[in-house]
Amino acid sequence: MEKNQVIYYHSASHQDNAEERMENMQSGQNISDNGTSQLSWKSLLPIALTTVFVFVFAKIYGIFSHGVYSAFMSYAFLLPLTLIFLPKLLNLCTGNRLWNGTLETEEGEKKLFLSSLASFLWKSGVAVLTVGSIYKGVLDIYGTSGTFEWIYLVVGILALVSGGIAALLAKKE
């Protein structure tokens, strides 16, 4: 086993399958559930449900807001829809040619880490911006303002930019 190699352990089977993972990495096989790509149609379901939840939440909140509406609340669902769901859908429709996270190089761990970090930061940025938009919408509906509105915007944009940079670094590797 090489230096800095990750050892995987299946707790359900109580077996150490590090050798199998190493063989898959060395033979260029992808570590995914369908064997061809890390992105599957099943991966669209959680973000689709999240988008629908935000849309329904905004509509129900609007019903009980006595006729007062906020664009921040009404269009908060567009953030996860346009920044996560549609790019994933486009990637699936093009056969994963746009953003492919396979382990193609010998430095697969570093590439996998950067890809995971990029995905985490991007999704976190979208989540922060979505929650911030809902928060701003609630304050608009109540007719008041808060002191933390700008923090959601700054943190969300920083996470998106950091995720984009990590994605570029992962692609460069």
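A residue counts as partly exposed when its relative accessible area falls between the buried range, under 20%, and the exposed range, over 50%. Ile-60 has a relative accessible area of 43%, so Ile-60 is partly exposed. This residue is found in helix α2, and it is a good place to start a walk through the structure above, which is a predicted model.

**The chain as a whole**

The protein chain contains six helices and two strands. Read along the sequence, the two kinds of element follow the pattern β-β-α-α-α-α-α-α. Of its 173 residues, 31% count as buried. The accessible surface of the chain comes to about 11400 Å², and carbon and sulfur atoms account for 66% of that area. Contacts can also be sorted by separation in sequence: among those between residues at least 6 apart, 66% join residues at least 24 apart.

**Helix α2 and the loops that follow**

Back to Ile-60, which has company at the surface. Together with Val-52, Phe-55, Val-56, Ile-63 and Phe-64, Ile-60 makes a nonpolar surface patch of about 590 Å².

How many aromatic pairs does the structure hold? The count comes to four. One of them is formed by Phe-55 and Phe-77, whose rings meet edge-to-face, 5.0 Å centre to centre and with 80 degrees between the planes. This pair links distant parts of the chain, 22 residues apart: Phe-55 sits in helix α2 (residues 44–63), while Phe-77 is in the loop between α3 (71–74) and α4 (78–93). Is each partner buried or exposed, or in between? Phe-77 has a relative accessible area of 17%, so Phe-77 falls under the 20% limit and is buried. Phe-55, at 35%, is partly exposed.

Aromatic residues also gather in a cluster, made of Phe-53, Phe-57 and Tyr-61.

Further along, the loop between α2 and α3 holds His-66. What is unusual about the backbone of His-66? Its phi is positive, about 60 degrees, although His-66 is not a glycine. The relative accessible area of His-66 is 77%, which is over 50%, so this residue is exposed.

**Where α5 and α6 meet**

Another aromatic pair is formed by Tyr-135 and Tyr-152, with a tilted arrangement: the centres are 5.4 Å apart and the planes are at 45 degrees. Tyr-135 lies in helix α5 and Tyr-152 in helix α6, so their pairing ties together parts that are 17 residues apart in sequence. Tyr-135 is partly exposed, with a relative accessible area of 27%, and Tyr-152 also counts as partly exposed at 27%.

Charged side chains appear in these helices too. Side chains of opposite charge can pair when their charged atoms come close. A search of the whole structure finds two salt bridges, listed here with their N to O distances.

| Salt bridge | N to O distance |
|---|---|
| Asp-140 and Lys-136 | 3.2 Å |
| Lys-136 and Glu-149 | 3.8 Å |

Where do these pairs sit? Asp-140 and Lys-136 both lie in helix α5 (residues 108–142), four residues apart, or about one turn of the helix. Lys-136 is partly exposed, with a relative accessible area of 22%, and so is Asp-140, at 26%. The other salt bridge, between Lys-136 and Glu-149, links distant parts of the chain: Lys-136 belongs to helix α5 and Glu-149 to helix α6 (residues 149–172), 13 residues apart. Taken together, Lys-136, Asp-140 and Glu-149 are linked in a network of salt bridges.

**A closer look at α6**

Helix α6 has 24 residues. From its first C-alpha to its last, α6 reaches 35 Å, close to the 34 Å expected at 1.5 Å a residue. Which residues of α6 are buried? Gly-156, Ala-159, Leu-160, Gly-163, Ala-166 and Ala-170 are. Tyr-152, by contrast, is a partly exposed residue in this helix.

Key. Residues are numbered from 1 along each chain as its sequence is written. This is a predicted model: local features need pLDDT of at least 70, side-chain atom pairs count only at pLDDT 80 or more; totals for chains, interfaces and linings use all residues. Side-chain values use heavy atoms; hydrogens and water are left out. A salt bridge is a side-chain nitrogen of Lys or Arg within 4 Å of a carboxyl oxygen of Asp or Glu. Buried means under 20% relative accessible area, exposed over 50%, partly exposed in between (1.4 Å probe, protein chains only). Contact means heavy atoms within 4.5 Å. Accessible areas come from the Shrake-Rupley method with a 1.4 Å probe; for residues, only the protein chains shown count as cover. Rings of Phe, Tyr and Trp (its six-membered ring) pair if their centres lie within 6.5 Å; planes under 30 degrees apart count as stacked, over 60 as edge-to-face and the rest as tilted. Patches are made of residues with over 30% relative accessible area and no salt bridge: like charges are joined within 9 Å, nonpolar side chains (Val, Leu, Ile, Met, Phe, Trp, Tyr) within 5 Å. The expected span of a helix is 1.5 Å times one less than its number of residues.
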